[in-house]
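Subject: Structure handover

Hello,

Here is the structure I said I would pass on. My notes on what was found in it come after it.

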Amino acid sequence: MLIPDPMSTSRRNFLKTGLAAGALMAAGPLKYSGALASGVDDIVLETVTGPVMGSTIKKALAHEHFYADFHGPSDANYMNVDWQAVTGASVTMAEELAAQDVNLFIDWTNIGIGRNVMMLRHVARQTGVNIVSSTGIYKGLVPPALADLPVNGIADHFIRELTMGIDGTAIRAGWIKISTTETGTTEQESDFHRAAAIAANETGCTITLHSPQAPTAWSVVSVLQSEGFKLDRFVWGHAQPSASDEHLKMVDEGAMVQFDAISANSDPFFNGPTDDESMLDRIESVVKAGHSDRVLVSADAAAYIHPPAWQYDRDNGYVYRYFEAKLATRLGEEITNRILRDNVISAFRRGDHVV
Ligand SMILES: [Zn+2]
């Protein structure tokens with residue numbers, strides 16, 4: 001590989017070599033333009049090992065976890081685990097995915113459920129799998145240090161994590177994940193949603209939502225819109241239990257919908273059928289409505305969950321081992337590649353070009 005001369009090579013071409021991440025991080029935050037790329041290859045993803053061009057991505061997984069911790073950040077047991085065991089399980093999972101040519105892993109563990117970007121960076125370096133991590137607070141699991149901040153203070157925290165770094169590192173978040181409790185949005189969660197909209201407007205990043213029920217998802221959408229947030233940067237996660245009509249309404253508004261229980265024998269959290277045919281039916285209905293560019297698919301599995309009683313029954317290796325072929329039989333290879341790869345790159349972009 002040629003070593004580019006930074007004096008005579010544009011920053012973008014320099015990036016494309018894949019050699020420049022460290023140099024760029026040292027040089028300060030990237031700037032992104034707001035223009036939409038003609039294709040996903042020119043998109044920049046902010047990963048835990050630095051910026052990565054879409055052109056380097058072979059296969060992707062849109063919603064997965066290496067580690068998740070449900071004790072809550074005020075509990076003494078929170079993140080109090082054998083990190084060698086967590087890292088080992090995570091490296092093993094990433095190696096198995098890398099053997100399937102997966103080199104983009106979108107990790108949905110955010111603030112409050114055990115996000116550990118230094119562990120993620122280690123896994124990325126050990127395995128060559130690019131990992132994107134998020135900012136945003138999970139439900140009411142707010143760390144004590146952030147608990148008393150006003151909406152603007154929370155927004156500033158998200159912006160710092162997106163543009164400067166997380167937990168004292170230069171590792172930047174790729175997007176903002178927000179969530180609601182399953183019974184409906186609490187007032188505190190609504191404040192976090194407003195803060196997310198402010199931060200997304202400022203940085204040009206995506207907001208994804210953990211909220212399986214359509215009425216709650218729509219109420220979150222109206223809060224985001226009241227802050228001026230545009231739905232073409234919105235992903236509705238865990239959409240599978242809701243009716244197809246709701247999925248179609250959401251994509252008509254410009255958002256993406258995500259079906260993220262592939263491989264699940266049952267869905268103990270959100271209910272609804274998770275067998276492959278049901279998943280394929282949901283995907284097909286969005287594609288037939290002309291929105292093959294607005295659907296995401298994943299398993300939502302985890303390598304290590306704390307406490308262990310919460311470990312659930314998913315296998316993200318299943319997506320490319322079996323589901324990809326079923327999707328291709330149903331919708332053809334071009335649309336399958338768009339859904340499984342291109343849409344993931346597009347959904348988690350931070351602006352479309354380095355400028
Ligand atoms: Zn998840």
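Strand 7 (residues 175-179) and strand 8 (residues 207-210) run parallel and are joined by 4 bridges. One residue pair to look up here is Ser179 and its bridge partner in strand 8, His210. Please keep in mind that this is a predicted model.

Both strands belong to an open sheet of 6 strands, paired in parallel in the order 6-7-8-9-10-11. Its edges are strand 6 (134-135) and strand 11 (295-297), each of which pairs on one side only. Helix 11 (residues 333-347) packs on this sheet and touches strand 9 (234-237), strand 10 (256-259) and strand 11. The direction of helix 11 makes about 110° with that of strand 11.

Next, strand 3. Of the 11 residues in strand 3 (residues 59-69), 10 are buried, so the strand is largely enclosed by the rest of the structure. Strand 3 runs parallel to strand 4 (residues 102-107), with 4 bridges between them, and Glu64 has Asp107 of strand 4 as its bridge partner. Strand 3 is also joined by 4 bridges to strand 12 (residues 302-306), again in parallel. In that pairing, Tyr67 is matched with Tyr304 of strand 12.

Helix 3 (residues 83-98) forms a right-handed β-α-β unit together with strand 3 and strand 4. Helix 3 also meets helix 4 (residues 117-127): their axes come within 9 Å and cross at roughly 40°. An angle from 35 to 65 degrees falls outside both the roughly parallel and the roughly perpendicular ranges, and helix 3 and helix 4 are therefore oblique to each other. The crossing is right-handed.

Which residues of helix 3 and helix 4 make the contact? On the helix 3 side they are Trp83, Val86, Thr87, Ser90, Val91, Ala94, Glu95 and Ala98. Helix 4 contributes Met119, His122, Val123, Gln126 and Thr127.

Some totals for the whole protein, to finish. The protein has 11 helices and 12 strands. Of its 355 residues, 49% are buried. Among contacts with a separation of 6 or more, 77% are between residues 24 or more positions apart.

Regards

Conventions: Residues numbered from 1 in each chain as written. Predicted model: local features only at pLDDT ≥ 70, side-chain atom pairs only at ≥ 80, totals over all residues. Pairing = 2+ DSSP bridges. Helix = DSSP H or I, 4+ residues; strand = E, 2+ residues; numbered from the N terminus. Contact = placed C-beta atoms within 7 Å. Axes fitted to C-alpha atoms, helices over the stretch in contact; angles between N-to-C directions. Buried ≥ 20, exposed ≤ 12 C-beta atoms within 10 Å, placed from the backbone. Right-handed = clockwise from strand over helix to strand, strands pointing away. Parallel < 35°, antiparallel > 145°, perpendicular 65-115°, else oblique. Left-handed = near helix turned anticlockwise from the far one by under 90°.
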